[in-house]
Amino acid sequence: MPPADLRWTCPPIRPSGKQPTAAFLLGQDRPMAALRTGLSIHAQGYNLFVSGLMGSGRTAVVELLLRDIQPLCRRVPDRLFVHNFREPHRPLLVSLPAGRASAFRDELHDLGRTLHDALQGALRSRPHRMSRRVVLRASSSRERRIMDALQRQAQKQGCALVRFQAQSGASTADIYPVVDGEPITLDALSALVIESKIDDAQRSHLLRQREQLLERLDEVNERVREEQARVGAEVRAMDRQLAWKVLQAHTKDFLKRWPQAEVADWLDAAGEFVERHLQRFVAIETGFEDESKPNETSEPPMPEIRFAEFQAKIVKTSISDACPVVIETNPTYGNLFGTISTPADGSMPGLAQINPGAFLRAEGGYLVLRCLDVLRENGVWPQLKRTLQTGKLEIRDFDQGSGAQTGALQPEAIPIDIKVVLIGEPGVYEQLASEDAQFPQIFKIHAEFDTTIAVDDVNLSRYADYLQWLVDTEHLRPFAADAMAAVAEYGARAAGRRDRLITRYSELGDLAREAAHLCETEGQRTVTRTHVERAVSMGRQRHDLPQELTERDYASGYMRLSTEGTEVGQINALTVLDTGSIEFGRPCRITCNSGVATAQGSGLVNIEGLANLSGPIHDKGVMILEGFLLKEFGREGPLCMQATICFEQLYNGVEGDSASLAQLLALLSSLGDVPLEQGLAITGSVNQKGEVQAVAAVNEKIEGFFRLCRARRLTGRQGVVLPRANVGDLMLDGEVVEAVEKGVFRVHAVTSVDDAITVFTGMPASEVLGRVLTTLQRFREIASRAGG
């Protein structure tokens with residue numbers, strides 16, 4: 001191959017002077033159209049799944065995309081929770097016009113204080129107290145008349161009604177016999193009998209009279225209790241009637257300002273609660289209930305706890321018309337849906353302990369989440385689906401251990417208007433859709449971005465505009481046109497094809513910063529191509545210790561691999577190692593031995609497969625070799641051969657079919673006794689028809705073998721063989737291109753097994769295949785004689 005085909009050199013590029021947007025930088029119409037569709041349709045299930053955006057800055061890219069598209073957002077109401085008087089453990093939701101939550105909360109608190117003061121004043125007012133006193137005195141008069149009647153009856157029957165006042169304030173009564181005009185106890189009566197002051201007959205008469213009067217006392221006590229209950233109900237009715245008038249007077253204006261139906265319902269419940277709990281609400285410590293001793297002193301301050309029912313907890317309020325875009329980087333259950341905390345004193349949680357999450361912050365806009373983070377968190381994925389399906393958000397306490405909602409406080413579910421944007425890896429949408437039938441109904445829009453864009457003038461201009469924006473934003477050294485071109489070449493190399501550019505702008509930004517740092521360190525004013533290329537080299541060098549150790553093993557002879565001469569049944573294959581931070585090529589020796597099989601049929605043995613060191617794709621590649629042999633040589637009779645193929649000194653396993661072409665050449669070399677050039681290495685996949693197919697990471701593989709040859713000595717006969725289909729992937733290092741230009745290293749592109757045979761043997765492919773056929777015929781004859 002000519003040196004010009006080994007690397008794409010970008011011409012100098014210059015920015016257009018326009019401010020770049022995320023949509024412009026990505027340059028892909030299909031996913032952008034999908035995004036616009038998903039953002040424009042406000043219906044259930046039109047949430048978005050974005051895939052294909054790779055790199056550490058993809059979340060920021062999605063945020064920029066949302067802001068660039070500028071979708072129309074619905075203005076959502078403010079959300080508050082208020083006390084539920086009927087079910088205190090289920091706080092009620094109040095929805096108000098946007099931006100009014102704070103005013104409602106303050107007015108509600110003021111209403112509670114105003115009602116307290118008004119009720120205190122009304123119930124302690126002189127007219128109301130006089131009305132109560134009239135009722136209570138009338139009741140006391142009736143009680144006295146009832147008791148006086150019993151007293152007169154007792155006197156007629158020789159007894160007396162005796163009343164006692166307990167320390168608690170309660171009064172009791174009993175019937176005592178009267179002797180000599182004085183009431184005496186039963187013990188005293190018995191003593192008089194013993195002293196013979198009265199006889200038994202007189203004592204028995206008094207006791208009979210007492211028993212009759214006790215029955216009458218029980219009746220009187222029952223009448224007194226009924227009277228007390230009646231007057232208590234009458235007084236309470238008076239209090240409630242007055243309280244209701246006060247409530248109506250003070251809530252009328254409040255309802256005019258807040259005409260929402262849920263506010264009216266809440267005020268009705270609040271009125272019922274205040275009526276039932278007047279004494280608690282207006283402070284019973286005033287001594288107001290003791291009508292005989294009215295307390296005219298100033299009332300003590302009311303404890304703040306008595307205003308808890310007139311508090312409100314704001315969980316959502318809008319302070320601007322801007323469309324909210326919330327990015328939750330730590331999507332735990334509490335961070336997403338909200339939680340209910342435990343008070344410091346260990347008491348039961350209330351409104352103050354309700355804490356909203358990212359869902360409420362993003363209501364009316366967009367919530368951006370990384371799919372992998374969501375799936376990792378316990379309980380988050382099922383609750384996320386449930387919330388999006390029902391359109392209602394539940395704020396609950398969540399137990400991470402059991403993965404279940406806990407806690408007695410259960411606030412009312414919140415209707416929520418939101419679009420969730422999940423960012424996932426390529427293939428995750430399809431996997432989730434296959435495993436969960438509900439998933440595609442919840443995330444109906446899949447915006448799938450390609451990780452690369454084409455190399456053309458428009459996209460090169462995108463690169464230049466981005467670099468200029470980065471320079472202006474972060475105050476970096478300005479980039480020369482050739483430096484921007486060098487960044488574009490890096491983008492093509494990272495894309496794996498020289499006609500494509502990566503869209504991982506965060507990675508390009510890191511390269512630009514490092515190049516600008518080198519420029520600044522050297523005291524230069526402008527970043528040049530040299531600075532960019534050095535930054536690329538230094539970035540790779542920071543991670544290439546595994547590569548250095550591997551090359552050291554080859555240099556010391558610890559790993560056996562020939563780069564000169566010829567050998568039969570031995571070839572250099574090109575593999576690639578991925579450490580997670582770097583990929584580098586690792587040449588590997590493949591050997592093959594062949595002989596006569598004792599039984600008819602192919603005896604191709606994959607040593608890695610037998611040792612469980614190969615993957616299914618590699619095993620498939622070995623089976624394809626058998627198919628090629630059948631196509632070329634199987635029509636004249638059975639293949640009475642046995643051959644073993646092995647990756648020498650490879651102990652960590654092998655996967656993929658990129659070495660199947662090398663394995664086939666080693667097999668044909670062994671069967672035909674044809675030596676192969678050891679200064680060459682090869683990569684490529686082969687099918688049963690002998691066609692060479694493309695493989696991955698050809699740049700790393702070629703550069704890995706080049707470094708090994710250079711370390712030993714470049715002879716001019718060394719080089720690599722790759723599939724012609726991979727020519728478009730070549731973005732080789734400048735050192736390799738320079739070596740090819742000087743004629744000390746070669747790169748060959750082949751389309752078939754025949755081409756590869758010619759390159760490695762220097763012989764026509766027909767001659768090599770003829771030798772293989774002759775060998776197989778000899779094997780067949782030997783096997784036939786052995787079988788006979």
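## The sheet of strands 3, 2 and 7

In this predicted model, three strands form an open sheet in the order 3-2-7, and their pairing is antiparallel. Strand 3 (92-96) and strand 7 (312-316) stand at the edges; each has a single partner strand, so one side of each is left without a neighbour in the sheet. On average, and with direction ignored, neighbouring strands of this sheet are turned by 30° against each other.

Strand 2 (residues 78-82) and strand 7 run antiparallel and are joined by four bridges. Within strand 7, Lys313 is the bridge partner of Phe81. Helix 8 (residues 261-276) packs on the sheet, where it touches strand 2 and strand 3. The direction of helix 8 makes about 140° with that of strand 3.

## The sheet of strands 4, 5 and 6

Another open sheet of three strands has the order 4-5-6, again with antiparallel pairing. Its edge strands are strand 4 (159-165) and strand 6 (182-183), each of which pairs on one side only. Strand 5 (residues 171-179) runs antiparallel to strand 6, and two bridges join them. Val178 stands opposite Pro183 in strand 6.

Two helices are placed against this sheet. Helix 5 (residues 126-156) lies across strand 4 and strand 5, running at about 140° to strand 4. Helix 7 (residues 200-257) also lies across strand 4 and strand 5, and runs at about 160° to strand 5.

## Helix 20 and its surroundings

Helix 20 (residues 545-556) has twelve residues. From its first C-alpha to its last it reaches 16 Å, close to the 16 Å expected at 1.5 Å a residue. The buried residues of helix 20 are Gln547, Thr550 and Tyr554. They cover an arc of only 65° around the axis, which puts them on the same side of helix 20. In general, an α-helix has 3.6 residues a turn, so residues three or four places apart point the same way.

The buried residues of helix 20 pack against helix 19 (529-541), strand 22 (583-596) and helix 24 (698-712). On the face turned away from the buried side, helix 20 carries the exposed residues Ala555 and Ser556. Just after helix 20, Gly557 takes a positive phi of about 85°.

## Aromatic pairs

A search of the whole structure finds 20 aromatic pairs. One of them joins Phe49 and Phe439: the ring centres are 5.9 Å apart and the planes stand at 80°, so the pair is edge-to-face. Phe49 lies in strand 1 (residues 48-51) and Phe439 in helix 15 (residues 439-442), so this pair ties together parts that are 390 residues apart in sequence. Phe49 counts as buried, at 0% relative accessibility, and Phe439 is likewise buried at 0%. Ring pairs link Phe49, Trp381, Tyr429, Phe439 and Phe443 into a cluster.

Phe337 and Phe359 form an aromatic pair that is stacked, with 5.4 Å from centre to centre and 25° between the planes. Phe337 lies in helix 10 (residues 333-337) and Phe359 in helix 11 (residues 358-361), so the pair ties together parts that are 22 residues apart in sequence. Phe337 is buried, with a relative accessible area of 0%; Phe359 also counts as buried, at 0% relative accessibility.

Conventions: Residues numbered from 1 in each chain as written. Predicted model: local features only at pLDDT ≥ 70, side-chain atom pairs only at ≥ 80, totals over all residues. Heavy atoms only, no water. Pairing = 2+ DSSP bridges. Axes fitted to C-alpha atoms, helices over the stretch in contact; angles between N-to-C directions. Contact = heavy atoms within 4.5 Å. Expected span 1.5 Å × (residues − 1). Buried < 20%, exposed > 50% of the residue type's maximum accessible area, 1.4 Å probe, protein only. Arc of directions from axis to C-beta. Phe/Tyr/Trp six-rings, centres within 6.5 Å; stacked < 30°, edge-to-face > 60°.
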